[in-house]
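Please open the model in your viewer, with the ligand shown as sticks and the protein as a cartoon, and keep a selection box at hand. The stops below are meant to be followed in order.

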Amino acid sequence: MDLGIAGRRAIVCASSRGLGRACAQALAEAGCDVVINGRSRETVEAAVSDVRKATGATVTGVVADVSDAAGQAMLFAACPEPDILINNNSGPPLRDFRELTRPQMLDGIVANMVTAIELTQKVIDPMVRRKFGRIVNITSGAVKMPSAGLDLSSGARAGLTAFLAGVARTVAADNVTINFILPGAFETDRLRSALESLAKKQGTGYDAVVAQRLNTIPAKRFGAPTEFGALCAFLCSAQAGFITGQSLLIDGGAYPGTF
Ligand SMILES: NC(=O)c1ccc[n+]([C@@H]2O[C@H](COP(=O)([O-])OP(=O)(O)OC[C@H]3O[C@@H](n4cnc5c(N)ncnc54)[C@H](OP(=O)(O)O)[C@@H]3O)[C@@H](O)[C@H]2O)c1
């Protein structure tokens, strides 16, 4: 399918690895000019070179922390008026909610709620003027399905979802959409390191922890980041202009509800 977005400009936050990177690659395959971002220079440079080589697209790397004002300014210096914004950031570490300090809670809310709102504030009016805009927020299946230890992540991301769901309705008539993708378990560095620390904690070995986790997923496998990237690119497509304010689960059936 031609997604109808060739030549569109996209900022993909936190995209030098994992789900963000898969989104950047899928958008580059659709012909977008893409900004790739991360804090490690080496990883950003490698991702830029790989995506450029694989797609032939115009790809720019921005080494910056997306959570702070200076980092955000660098993203907009590289791409002043994006047509597409993919909000992504690292999630808070797994922790019993009793242990969370106030500064840790505020950091989690800044990383997984405030940052995406700040970036949306900056892109939305030019999108409205141009009568095209696609904002996709990478959140988590934990928004719909609580998971002990991920409470801060679930809370901050649910707050983001509610906040932007209202905003989405105010710009829908201008062909600007705001949606949320809720990943289940995807094969990325983050998932691998979470499973490794669980294996260490349980003393059961990595393979046993993987088997345990796979057992909770009806598809009996982890998601491939390319599957995630493809959904993200579709939500950014010309054809997806009638989908807005929606939270889309992509989790191999792990969420047990009908709706
Ligand atoms: N993978 C899953 O199964 C899964 C499930 C549910 C939710 N999620 C959520 O989805 C998001 C992406 O997960 P992932 O698995 O793709 O993670 P990942 O494999 O750890 O990749 C994270 C990417 O974000 C970059 N990054 C992290 N913090 C950043 C910051 N402050 N500023 C700029 N770049 C930053 C990292 O590069 P640097 O470290 O070099 O900055 C890296 O490129 C996370 O919020 C995660 O909690 C993932």
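Which polar backbone atom lies 2.8 Å from an oxygen atom of the ligand? Select Arg17, whose backbone supplies that polar atom at 2.8 Å from a ligand oxygen, and bear in mind throughout that this is a predicted model.

**Around the ligand**

Keep the ligand in view and add Phe186, where a polar backbone atom is likewise placed 2.8 Å from an oxygen atom of the ligand. Next add Arg190, where the contributing polar atom belongs to the side chain and sits 2.9 Å from an oxygen of the ligand. Taken alone the ligand would expose 890 Å², and the protein buries 92% of that area.

Now widen the selection to the 28 residues around the ligand, and colour Ser16, Leu19, Arg39, Asn89 and Thr188, which come nearest. If you colour the shell by residue class, you should find eight nonpolar, 14 polar and six charged residues. Switch on the secondary structure as well: helix H1 (18-29), strand E2 (33-38) and helix H6 (189-202) each supply at least two residues of this shell.

**Asn88 and the loop before H4**

Move to Asn88, which is found in the loop between strand E4 (84-87) and helix H4. Is Asn88 buried or exposed? With a relative accessibility of 15%, Asn88 counts as buried, because the cut-off for that class is under 20%. Display the side chain of Asn88 and measure from its polar atom to the backbone oxygen of Ala14, a distance of 2.9 Å.

**Along helix H4**

Select residues 102-130, which make up helix H4. At 1.5 Å a residue, the 29 residues of H4 should span 42 Å, and the C-alpha atoms at its ends are 41 Å apart, so the two values agree. Even so, look along the helix at Val110, where H4 bends by about 45 degrees. From Val110, draw a distance to Val35, which is 75 residues away along the chain; the two C-alpha atoms are separated by 22 Å. Val35 itself is found in strand E2, and its relative accessibility is 3%, which means that Val35 counts as buried.

**Two residues with positive phi**

Follow H4 to its end and select Lys131, which comes just after the helix and lies in the loop leading from H4 to strand E5 (133-138). Although Lys131 is not a glycine, its phi is positive, at about 60 degrees. Lys131 counts as partly exposed, because its relative accessibility is 46%.

Then jump to Asn175, in the loop between helix H5 (151-171) and strand E6 (176-183). Here too is a residue other than glycine with a positive phi, near 60 degrees in this case, and a relative accessible area of 27% makes Asn175 partly exposed.

**A last stop at helix H3**

Finally, select Ala78, which is found in helix H3 (residues 69-78) and counts as partly exposed because its relative accessibility is 34%. How far apart in space are the C-alpha atoms of Ala78 and Ile11? Draw the distance between them and you should read 8.9 Å, although Ala78 and Ile11 are 67 residues apart in sequence.

Technical notes
Residues are numbered from 1 along each chain as its sequence is written. This is a predicted model: local features need pLDDT of at least 70, side-chain atom pairs count only at pLDDT 80 or more; totals for chains, interfaces and linings use all residues. Side-chain values use heavy atoms; hydrogens and water are left out. A residue is near a molecule or strand if one of its heavy atoms lies within 4 Å of it. A polar contact is a pair of N or O atoms within 3.5 Å; within protein, one must be able to donate a hydrogen and the other to accept it, and residues adjacent in sequence count only if both atoms are side-chain atoms. Accessible areas come from the Shrake-Rupley method with a 1.4 Å probe; for residues, only the protein chains shown count as cover. Helices (H or I, at least four residues) and strands (E, at least two) are DSSP runs, numbered from the N terminus. Ala, Val, Leu, Ile, Met, Phe, Trp, Tyr, Cys and Pro count as nonpolar, Asp, Glu, Lys and Arg as charged, and the others, Gly among them, as polar. The expected span of a helix is 1.5 Å times one less than its number of residues. The bend at a residue is the angle between axes fitted to the seven residues ending there and the seven starting there. Buried means under 20% relative accessible area, exposed over 50%, partly exposed in between (1.4 Å probe, protein chains only).
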